[in-house]
Amino acid sequence: MSTNGRAALVEANGTTIYVEAAGHGTPVVLVPGAGGDARQYTGLVQLLAQNHRVISYDRRNNARSPRQKDWEETSVEQHAADIVALLETFGTEPCVVFGNSTGALVALAAALKAPEQFSGAVLHEPALLSVLANSDAAMATVQPVIAAGMETGGFAGGAEAFVKFAAADAAELLPPDFLESLRNNARVLLEAEFGPFASWRPEPTALSGLTVPLAVLTAEQTAPFFVEAAEWIASRVGITRQTVPGGHMGFLDHPEELASAIDHMFTAVPQAEE
């Protein structure tokens, strides 16, 4: 990949995406969740880059990816197509894709869309609210947090309050430049992404036929609805949900354990020679 060791703005799927690459070896692509900013994965990238070529990026219209005219309307499928287009542009061998929260939805959608591009997928704390028995209850836990943040700080305050609530005890580890970008892109998160991502639901028959090896992870300190969502996915794929240390954004304070889970995908399935 030509961006190895540095950053680049790449045209893919009708948009411009900020991409970084680090390390050498079998490839891993990291999909960010809320805020769409690769900087939340800094610690995880540093660990993975010791053995892998790590591709991280800012999702369309977020952070260092320039905001396009379509920012007011998006979908999980659109973001999944971005990943597929990026990988096709770089001509990489099949890679392991990792995503947290809403990023896990994008990772799953990409694996369903183009399984030939992926040797494995790791979904950490998938925010698949549409399959919950009581999705209103799940939304009720975060809506007051966002509302309180917006009352004092507008959209920027609402977005920051939401992400810090999600990060819980690890919130102090969120990079300052990530938080600044989050505030600047708050309307993308709250107006363009929140609704479509919350309503996305993969077809059960597509999951049962998924050919990409899958790992579904939930955190030790998490809300019951994340466990319910993860179980829904795992049961339809025919695998067992796994538990890892930390909270919803455990890659901040427990990156070693998540790096190990990603590494395991390479030992679990045969890899093509480089």
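How many helices and strands are there in the protein chain? The legends below begin with this question and then turn to single regions of the predicted model.

**Figure 1. Overall view of the protein chain in the predicted model.** The protein chain contains 9 helices and 8 strands. Its radius of gyration is 17 Å, close to the 19 Å that the globule rule gives for 274 residues, so the protein chain is as compact as a globular protein of that length. The C-alpha trace spans about 55 × 40 × 30 Å along its principal axes. Of the 274 residues, 57% are buried. Among the contacts in the protein chain with a separation of 6 or more, 74% are made by residues 24 or more positions apart.

**Figure 2. The largest pocket and its lining.** The largest pocket has a volume of about 630 Å³. Its lining consists of 36 residues, which divide into 21 nonpolar, 12 polar and 3 charged. Phe162, Phe165, Ala166, Phe226 and His248 are the lining residues that lie nearest the centre of the pocket. Helix H4 (135-167), helix H6 (186-199) and helix H8 (224-237) each supply at least two residues of this lining. The greatest share comes from H4, which gives 9 residues. As general background, rolling a probe the size of a water molecule over the atoms shows where empty space is left.

**Figure 3. The contact of helix H4 with helix H6.** The axes of H4 and H6 come within 13 Å and cross at roughly 140°. By class, the contact of these two helices has 12 nonpolar, 1 polar and 2 charged residues. On the side of H4, the residues are Met139, Val142, Ile146, Met150, Phe155, Ala156, Gly158, Ala159 and Phe162. They meet Ala186, Arg187, Leu189, Leu190, Glu191 and Phe194 in H6. Phe162 thus appears in two views: it takes part in this contact, and it is one of the residues nearest the centre of the largest pocket.

**Figure 4. The loop between strand S4 and helix H2.** Proline 66 has its place in the loop between strand S4 (52-58) and helix H2 (76-90). Asparagine 61 lies in this loop as well, and so does alanine 63. Is asparagine 61 buried or exposed? At 3% relative accessibility, asparagine 61 counts as buried, because this value is under the 20% limit. Proline 66, at 32% relative accessibility, counts as partly exposed, because its value falls between the limits of 20% and 50%. Leaving aside neighbours within four places in sequence, proline 66 is in contact with Leu9, Thr16 and Asn61. One of these partners, threonine 16, is 50 residues from proline 66 in sequence, yet the two are 6.4 Å apart in space, C-alpha to C-alpha.

**Figure 5. Backbone angles in the loop between S4 and H2.** Most residues other than glycine have a negative phi. Asparagine 61, however, has a phi near 70°, which is a positive value in a residue other than glycine. Alanine 63 also has a positive phi, near 55°, and is likewise a residue other than glycine.

**Figure 6. Two buried residues in loops beside helices H2 and H3.** Glutamate 93 is found in the loop between H2 and strand S5 (95-100). Its relative accessibility is 17%, so glutamate 93 counts as buried. Glutamate 93 and glutamine 117 are 24 residues apart in sequence and 7.2 Å apart in space, C-alpha to C-alpha. Alanine 114 is found in the loop between helix H3 (102-113) and strand S6 (118-124). With a relative accessible area of 3%, alanine 114 is buried. From alanine 114 to glutamine 143 there are 29 residues in sequence and 34 Å in space, C-alpha to C-alpha.

**Figure 7. Proline 176 in helix H5.** Proline 176 lies in helix H5 (residues 176-184). Is proline 176 buried or exposed? At 66% relative accessibility, proline 176 counts as exposed, because this value is over the 50% limit. The C-alpha atoms of proline 176 and glycine 14 are separated by 30 Å, and these residues are 162 residues apart along the chain.

Technical notes: Residues numbered from 1 in each chain as written. Predicted model: local features only at pLDDT ≥ 70, side-chain atom pairs only at ≥ 80, totals over all residues. Heavy atoms only, no water. 1 Å grid on protein atoms, 1.4 Å probe; cavity = no way out; pocket = protein on both sides within 12 Å on 5 of 7 lines; lining within 4 Å. Points joined across faces, edges and corners; volume = space filled by probe spheres on them. Helix = DSSP H or I, 4+ residues; strand = E, 2+ residues; numbered from the N terminus. Nonpolar A, V, L, I, M, F, W, Y, C, P; charged D, E, K, R; others polar. Axes fitted to C-alpha atoms, helices over the stretch in contact; angles between N-to-C directions. Contact = heavy atoms within 4.5 Å. Rg over C-alpha atoms; globule rule 2.2 N^0.38 Å. Buried < 20%, exposed > 50% of the residue type's maximum accessible area, 1.4 Å probe, protein only.
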